[in-house]
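Hi,

Here is the structure I promised to pass on. Have a look, and my notes follow underneath.

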Amino acid sequence: MSDAAFLDRLAAIVGARGLVSDPADQRGYVTDWRDNYLGTALAVVRPGSTEEVAAVVRACADAGVAIVPQGGNTGLVGGGMPHETGREIVLSLQRMNRVLEVDPLGYSMTVEAGCVLRTIQETAAAHDRLFPLSLAAEGSCTIGGNLSTNAGGVQVLHYGNARALVLGLEVVLPSGEIWNGLRALKKDNTGYDLRDLYVGAEGTLGIVTRAVLRLWPAPRDRAVAWIAVASPAAAVELLSDAHAASEDNVTSCELMGRQGIDLVLRHIPGAADPLAGRHDWYVLMEWSSSRAPRPGANGSGLAPAMEAHLGAAMETGLVLDAAIASSDGQAKALWALRENHSEAQKREGPSIKHDISVAVSRLPAFIERGLAAMHETLPGCRPVPFGHVGDGNLHFNCQSPEGWDKPRFMAHAERISGAIYDLVVDAGGSISAEHGIGRLKIDELAHYRSRTELDVMRAIKRALDPANRMNPGKVVRV
Ligand SMILES: Cc1cc2nc3c(=O)[nH]c(=O)nc-3n(C[C@H](O)[C@H](O)[C@H](O)COP(=O)(O)OP(=O)(O)OC[C@H]3O[C@@H](n4cnc5c(N)ncnc54)[C@H](O)[C@@H]3O)c2cc1C
């Protein structure tokens, strides 16, 4: 089939609204959030329904064209980027953005894959429910992308990552068949778990088109604190004690180094340091509960309990200083300091990201060794470690030395990342805690995972996508 005939067939399936033909309009689909990739697409297709997705997939099968599924294009590892060959299509789910059903009684919601995460959160809140997935890209990322990368975010500590938040899926398979697994079941032991296979598959096994999500009761009480701690070890100990002190209501615990705070203060208008003194390490901790504080009962809410916990921790020296938000606005401002780390790093200039995890109790020793390794590998580089300390997951990032341009800095990237990943593996950790593998880490995965694990992954990929048409060259090479 000629390219022209193929494009005509796609146009007949999705209509004019569903095809992005202008190269200028295509740009947002072929380059990523960090401008690290610039691919080329034979077409950018935006189907409006599952049936259209299936028809597009069948057309691609007939024409021998590969498919790169894409949601909000906020992924940070190039998974949603077409290669430079121009022989793939980008299949964007953005038009499939409807909430199909909310079941507050059964605590579930059915949505199309292109639904933006924030829309899902707001819809849940409008029904007095919570959808707890929360991350800085939530205004742009889609639930299909969240599930396909098994996204984490800032509340994994309490609610689990995307895998724990989904009950059922609908997936278009590489053959164009539709698998309807849209079940709102909490229990379903009927053989291999296909849903779990597609979660975290990064679009390499099929295209997620709809999902049934789990909901929780809406929070009615919340306490947010900005805490200066002496060290990462103090942060881990503080969190460990907080679980019981909060009656198991710690929903977020984020660690940040001073370097990252300085970047946020420099680049994000309106950002302000909540504490008077400068400290090396900070924790942002949130407790929340669906139980409202009892009116009039002195000390019955989370904020007084948090205050007592932090007060006690100050006396033992774990906490150096702290501020508890006294309004939603203040809580938002504290969260903005954490959420703007990625944006501030981007504005500062070139950086290398390491989205790693180790067991929580091993985090302090890892940080110490990791910081030393970075400085040793490239003197003058600026480590920017921050992230989800409660999950043992840090964005162990490295900003270039002051004034360096990207090519000069990237010449050192492999050595820096190699040094960090060796330490991660030595600590029994993972080289990709929440962003996935995509294109960026395909060689690292092949290097650091065992032959047995890789063989099983390849066997799954070959069995489900024998023609290697679904997002080829991502996650594992076959
Ligand atoms: C500022 C910022 C902060 C972030 N913070 C976090 C964080 O805290 N935690 C975290 O986990 N991630 C984070 N991310 C990464 C990113 O937001 C998440 O990975 C997000 O889940 C990706 O969703 P998306 O819709 O943008 O997917 P895309 O970027 O479009 O795609 C990501 C991958 O999923 C595949 N895919 C997308 N949609 C589908 C589908 N419907 N079916 C099959 N495959 C599909 C793509 O092919 C690609 O491999 C952050 C990103 C940014 C820019």
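**The C-terminal stretch, the sheet and the domains**

Let me start with I460, which is found in helix α17, the helix made of residues 451-464. Keep in mind as you read that this is a predicted model.

Is I460 buried or exposed? Neither, strictly: I460 has a relative accessible area of 30%, so it counts as partly exposed, given that buried means under 20% and exposed over 50%. I460 also belongs to a nonpolar patch on the surface, together with V456 and L464. Between them, the three residues have about 200 Å² of accessible area.

On to the sheet. It is an open one with four strands, running in the order β1-β2-β4-β3, and the pairing is mixed. Its edges are β1 (19-20) and β3 (66-70), each of which pairs on one side only. For β3, there is a parallel pairing with β4 (residues 88-92), which goes over five bridges. If you want a spot to zoom in on, try Q70, which stands opposite S92 in β4.

Now the overall layout. The chain is divided into four parts:

- domain 1, residues 3-92
- domain 2, residues 99-217
- domain 3, residues 221-341
- domain 4, residues 349-435

How far apart are the centres of domain 2 and domain 3? Taken over C-alpha atoms, the separation is 29 Å. Eight residues from domain 2 and 12 residues from domain 3 take part in the contact.

Cheers

Technical notes: Residues are numbered from 1 along each chain as its sequence is written. This is a predicted model: local features need pLDDT of at least 70, side-chain atom pairs count only at pLDDT 80 or more; totals for chains, interfaces and linings use all residues. Side-chain values use heavy atoms; hydrogens and water are left out. Patches are made of residues with over 30% relative accessible area and no salt bridge: like charges are joined within 9 Å, nonpolar side chains (Val, Leu, Ile, Met, Phe, Trp, Tyr) within 5 Å. Accessible areas come from the Shrake-Rupley method with a 1.4 Å probe; for residues, only the protein chains shown count as cover. A salt bridge is a side-chain nitrogen of Lys or Arg within 4 Å of a carboxyl oxygen of Asp or Glu. Helices (H or I, at least four residues) and strands (E, at least two) are DSSP runs, numbered from the N terminus. Buried means under 20% relative accessible area, exposed over 50%, partly exposed in between (1.4 Å probe, protein chains only). Two strands pair if DSSP finds at least two bridges between them. Domain bounds come from an automatic or database domain assignment. Contact means heavy atoms within 4.5 Å.
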